[in-house]
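Colleague: I am new to this structure and should be grateful for a close look at a single part of it. Could you choose one stretch of the chain and then follow its connections outward?

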Amino acid sequence: MKALQTTTAVLEAGAGLALLAVPSATAVLLLGPPLESPAALTVARVAGAGLLALGVACWLARGDGQSRAARGLVAAMWVYNVTAAAVLAFAGIGLGLHGALLWPAVAVHAGMAVWCGACLASKPAKIVGVLGMWAWGACSLSSAADPAASAFAPTVVNSAKPPGPAPAGMVWIPGGQFSMGSEGKSNGVSCCSPATVADAFPIHRVVVDGFWMDATDVTNAEFEKFVKATGYRTIAEIAPTQEEFPTAPPENLVAGAVVFTPTPGPVPLNDHFQWWNYVPGANWRHPQGPKSSIEGRGNYPVVQIAYPDAEAYAKWAGKRLPTEAEWEFASRGGLSGKLYAWGDEFRPGGKWMANTYQGKFPVRDTGEDGFAGVAPVKSFPPNGYGLYDMAGNVWQWCGDWYRPDYFQQLARAAGVARNPQGPDSSFDPSEPGTKKRVQRGGSFLCTDQYCTRYLAGTRGKGEPDTGTNHLGFRCVKASIK
Ligand SMILES: [Ca+2]
C-alpha cells in the first residue's frame with residue numbers, strides 16, 4: 001500500500017513539473033527562433049513527447065488518490081491555461097498577430113486546460129482529456145518533423161544559364177523556389193507593427209521561372225523616348241469626364257495627379273488625406289504640379305504613372321510588368337527570410353542602403369540618406385542580382401490584382417505555387433468598392449514611423465488609374481505572357 005502511495009506521489013510531482021514545463025516549452029516555441037533551427041525542433045519534439053507522457057501520468061494518477069496540494073496545483077494550471085489560450089486567441093483574432101506558431105500555442109493551452117479539467121472531474125471526462133492529450137502530442141511530434149511548412153527555407157536558385165545576351169539595361173533573374181511573404185521579424189525579433197505585414201502572411205513556397213528584369217526603375221529619359229515615339233498621353237494628362245465620375249463637380253474634372261505635401265506640423269498618422277492632395281497639372285513631366293519640372297532629371301525614376309501607362313510603355317518596349325512573385329523573388333537577391341533586400345541590418349556598417357524618409361513624418365524629410373524626396377536611379381548599392389532600388393525610392397507596379405488574403409489562399413492550396421499570377425479579382429477591405437493592383441518596394445516616404453514597406457516581402461496596393469509622385473515601375477521580359 002505504501003509503495004502505491006509513493007508511486008502516486010512521484011507521479012503527481014512529475015505531472016506537476018510537466019504541467020509547468022509544457023507551457024514554458026510552448027512559450028519558447030512561440031517566441032523563439034524559426035522551427036528550422038535544430039534547437040527549436042528539439043524543443044518541439046520534447047513538448048510533443050511531454051504531452052504523451054502527461055497523458056500516461058494523468059491516467060495513472062487517479063482522481064480520488066490526489067492530495068489536496070496536487071488538486072490545487074492542477075486547478076491553478078487550469079486557470080493559467082484557459083487564460084493563456086484566451087489571450088493568444090485574442091492576439092490572433094482581435095489584433096491580427098499571426099506568428100507561425102500562434103495557433104499551435106492556442107491549441108496546446110486549450111488542450112492543457114481540457115486535461116486539467118478532466119483530472120479534476122469524472123472518470124469519463126478524464127478519459128476524453130487523456131485521449132485528447134495523446135492526439136495533440138502525436139500531432140505536435142508529426143508537425144515538428146515538417147518545420148518548413150510555415151517558416152522561411154533557403155532559396156533554391158535555378159541553375160540554367162540565361163537564354164542569351166542580356167537586353168540593354170536588364171539583368172538575368174534565374175528564378176527558382178523561394179519562401180515568399182513577411183513575418184515582419186528576423187531572428188525572432190519583431191521590427192514593425194503587425195498591420196504592416198498582415199497581408200504578407202503566411203510565408204509560403206513559390207516557384208518562378210527565370211526572366212530578364214530592368215536593372216533600374218524606368219527613368220524619365222526612357223519614358224520620354226516612348227512618348228516621343230508614340231505620342232502617348234498618360235492618364236494624369238487627360239481630364240476625367242463626367243461619365244467616369246458622375247457625382248464629381250465639373251470644376252474638379254481637370255487633369256492632374258496626387259502629390260505628397262508635407263504637413264505644417266505633426267499630425268496623427270491615421271488619415272493619409274492629410275498629406276496627399278490632388279494637384280491639377282501634376283503629371284510625369286511635372287511630378288509635383290505645374291511649377292515643378294523634370295529638366296535635368298533624365299536619370300530619375302519616372303513617376304505619376306498610372307497602371308495603364310506602365311502597361312502601355314511595357315508593350316511598346318516588348319516587355320511586360322512583373323508578377324508580384326517575380327518581383328519578390330528578384331528583390332530578395334538570392335537571400336531568404338531577410339528583413340531587407342540586402343540582409344537583416346538596416347544600415348550595415350552605418351551605410352545607407354535605400355532611399356527612405358528621415359525626420360518627423362510627414363512634416364519634414366531631413367534627407368540624412370542623401371536625398372529628401374526622389375533620388376536618381378543607381379544612387380544606392382544594387383542587391384544580389386544587380387537590381388537597384390528594390391527597396392525605397394519609388395513604389396513599383398506589379399501585374400497582380402490585390403487581395404490581402406491571396407497568400408493565405410496560396411498557402412492553403414496543396415503543393416508549391418508555380419508562377420502565380422495573382423487572384424482573379426481585387427478586394428481591399430479598407431476600400432471595398434475599389435479595385436487595386438499590387439505595388440511593391442516602398443518609397444522615399446517610407447519610414448519606421450509609418451509604412452515601413454521597404455521591408456522585403458511586404459506589400460502595397462493602389463487604384464490602377466491613380467498616379468502619385470512616389471510611384472513608378474520597371475519591366476521584365478520572359479516567356480510567360
Ligand atoms: Ca531619403
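Modeller: Pro-202 sits in the loop between helix 6 (194-197) and strand 6, where helices (H or I, at least four residues) and strands (E, at least two) are DSSP runs numbered from the N terminus. The peptide bond that leads from Phe-201 to Pro-202 is cis, and its omega is near 0°. The model is a predicted one, in which local features need pLDDT of at least 70 and side-chain atom pairs count only at pLDDT 80 or more, whereas totals for chains, interfaces and linings use all residues. Residue numbers start from 1 along each chain, as its sequence is written.

Strand 6 itself has two faces. His-204, Val-206 and Val-208 form its covered face, while Arg-205 and Val-207 form the uncovered one. In general, side chains of a regular strand alternate between the two faces of the sheet.

Which strands pair with strand 6, given that pairing requires at least two bridges found by DSSP? Strand 3 is joined to strand 6 by 5 bridges, and the two run antiparallel. Strand 11 is joined to strand 6 by 2 bridges, here in the parallel sense. Val-206 takes part in both pairings: in strand 6 Val-206 is the bridge partner of Phe-178, and in strand 11 the bridge partner of Val-206 is Ala-417. As a general matter, strands of a sheet pair through backbone hydrogen bonds, either parallel or antiparallel.

From strand 11 (417-418) one may pass to Asn-419, which is found in the loop between that strand and strand 12. Asn-419 has a positive phi of about 45° although it is not a glycine. Asn-419 is partly exposed because 16 other C-beta atoms lie within 10 Å; a residue is buried with 20 or more such atoms within 10 Å of its own C-beta, exposed with 12 or fewer, and partly exposed in between, the C-beta atoms being placed from the backbone.

Strand 12 belongs to an open sheet of 4 strands, with mixed pairing and the order 13-12-10-14. Its edges are strand 13 (460-462) and strand 14 (471-472), each of which pairs on one side only. Strand 12 (residues 437-440) pairs with strand 10 (residues 395-401) in the antiparallel sense over 3 bridges, and Trp-401 stands opposite Arg-437. Strand 12 and strand 13 are also antiparallel, joined by 3 bridges, with Val-438 opposite Lys-461. Within strand 12, Arg-437 and Gln-439 point one way and Val-438 and Arg-440 the other way, and all are buried.

What packs against strand 10 and strand 12? The buried residues of helix 8 do, and they pack against helix 7 (220-230) as well. In helix 8 (residues 307-316) the buried residues are Tyr-307, Asp-309, Ala-310, Tyr-313 and Ala-314. They lie on the same side of helix 8 because they cover an arc of only 160° around the axis, the arc being that of the directions from the helix axis to the C-beta atoms. Just after helix 8, Gly-318 has a positive phi of about 75°.

Strand 6 and helix 8 also meet in a wider setting, the largest nonpolar core. Such a core is a set of buried Ala, Val, Leu, Ile, Met, Phe, Trp, Tyr and Cys residues joined through C-beta atoms within 7 Å. Of its 73 residues, those that touch the most other members are Met-213, Val-303, Ile-305, Ala-310, Leu-321, Ala-330 and Tyr-340. Among the elements that each supply at least two residues of this core are strand 3 (176-180), strand 6 (204-208), strand 7 (211-214), helix 8, helix 9 (324-332) and strand 10. Beyond its neighbours within four places in sequence, Met-213 is in contact with residues including Met-170, Val-171, Pro-322, Ala-330 and Val-476, a contact being a pair of C-beta atoms, placed from the backbone, within 7 Å. Apart from this core lies another, of 16 residues, among them Trp-78, Ala-85, Val-106 and Ala-118.

A second cis bond recalls the starting point. The peptide bond from Phe-361 to Pro-362 is cis, with omega near -5°, and Pro-362 lies in the loop between helix 9 and strand 10. That loop also holds Lys-378, which has a positive phi of about 65° although it is not a glycine.

Finally, the overall frame: the protein has 10 helices and 15 strands, and 42% of its 481 residues count as buried.

Conventions:
Two strands pair if DSSP finds at least two bridges between them. Two residues are in contact if their C-beta atoms, placed from the backbone, lie within 7 Å.
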